[in-house]
Amino acid sequence: MTKLALLVVFCQSGLCTKLMTFIGDHATLLLNQLCYEPEFGILVLGITNDTKDPSVDTFRMVTLHMLKQFGVPMEGLELKIESRGAPPLGGGEVFLRVPNISSTLKAANWVDEGMVKKIRGVSFSTRVSPQIENRIIYAARGIFNRFIPDVHIFTDHRSGSAGGRSAGYGVSVVAETTTGCLISADATISYPSIEEMNEESESSELTSPEDLGVQVASMLLEEVAQGGVVDSTHQGLLFILCALSPPDVSKVRVGQLTPYAIETLRNIQDFLDVKFIIKPDPNSNTVTLKCVGAGVKNLARKTL
């Protein structure tokens, strides 16, 4: 019988930003490396989609797939969205299962982003009319189809307990390239609580579904135009995976470095003593980074 190490995290609305901040900002991989059991599971309750962090859909469609570039097997990787939770009250429930890493990651040579061949995505709505999703998709496709015909954005309408405790809608889109790179963008609109509406001196109008579709499509095109093998949201995770790899050279290429990515590079040097060689490319406006990994191993797993 396969054993599963299970961690339950409750993200209470109003006291934290979003559940995916916990499992998206690298904590899951680090916990998994230190885990003895063959599989690691985490059940998180709270907000799944908001305006501050990457959505649960981006985590499922992009973040998990980054791990295979560093030798993590995709078999056993599982993310189930039992219910969605929009701000401010949340109510979402997500279960993530990650296979145990037997010893260590592998170094990566990941510099060719290729050309975009298709775009996929998910439009969701909670406790509002499901027609909103079709309006978002229609507006987004109006932008994407000017450049590429292979565009499919699916719908995910949630009501009742599966729709959480707050009303909202949003969309996550991913551009897949000929070399397997995944570039993402997402946005969410949520209805404020009565307390928040009373605190605001001026009532602000919500972004319409049509404007949201155009906004997210434009965001994705900007991410693609910046170049690199990952989007700006995943730069920090990419650098951490390189630093955790064996004492071999990892080489990656990204677009313009974000402030968060720069801070991550500083933290990696402080905590892991791993330094990156950074080489800007003025022709493509991208940045190539190289490092020798720290060789972090899963000491909890016995090797024969």
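The structure holds two cavities of 30 Å³ or more. Here a cavity is a set of points, on a 1 Å grid over the protein atoms alone, where a 1.4 Å probe fits but cannot get out; a volume is the space filled by probe spheres set on those points, which are joined across faces, edges and corners. Before we look inside, please keep in mind that this is a predicted model, in which local features need pLDDT of at least 70, side-chain atom pairs count only at pLDDT 80 or more, and totals for chains, interfaces and linings use all residues. Residues are numbered from 1 along each chain as its sequence is written, and side-chain values use heavy atoms, with hydrogens and water left out.

Let us visit the second largest cavity, which encloses about 80 Å³ of space. Among its lining residues (those with an atom within 4 Å of a point) are Val62, His65, Trp110, Cys181 and Val230. Helix α3 (residues 56-66) gives the most to this lining, with three residues; helices (H or I, at least four residues) and strands (E, at least two) are DSSP runs numbered from the N terminus. By class, the lining has seven nonpolar, three polar and one charged residues, where Ala, Val, Leu, Ile, Met, Phe, Trp, Tyr, Cys and Pro count as nonpolar, Asp, Glu, Lys and Arg as charged, and the others, Gly among them, as polar.

Now turn to helix α8, residues 259-272. Its buried residues (under 20% relative accessible area, with exposed meaning over 50% and partly exposed in between, for a 1.4 Å probe and protein chains only) are Ala261, Thr264, Leu265 and Ile268. Seen down the axis of α8, these fall within an arc of 100 degrees, so they line one face of the helix; the arc is that of the directions from the helix axis to the C-beta atoms. On the other side of α8, Pro259, Asp270 and Phe271 are exposed. The buried residues pack against α7 (235-244), β11 (277-281) and β12 (286-292), with contact meaning heavy atoms within 4.5 Å.

Just after α8 comes Asp273, in the loop between α8 and β11. Asp273 has a positive phi of about 60 degrees although it is not a glycine. Asn285, in the loop between β11 and β12, also has a positive phi, near 60 degrees. Most residues other than glycine have a negative phi, and most peptide bonds are trans. A cis bond, with omega of about 5 degrees, joins Pro87 and Pro88.

Terms used
The expected span of a helix is 1.5 Å times one less than its number of residues. On a 1 Å grid over the protein atoms alone, a cavity is a set of points where a 1.4 Å probe fits but cannot get out, and a pocket is an open set with protein on both sides within 12 Å along at least five of seven lines; lining residues have an atom within 4 Å of a point.
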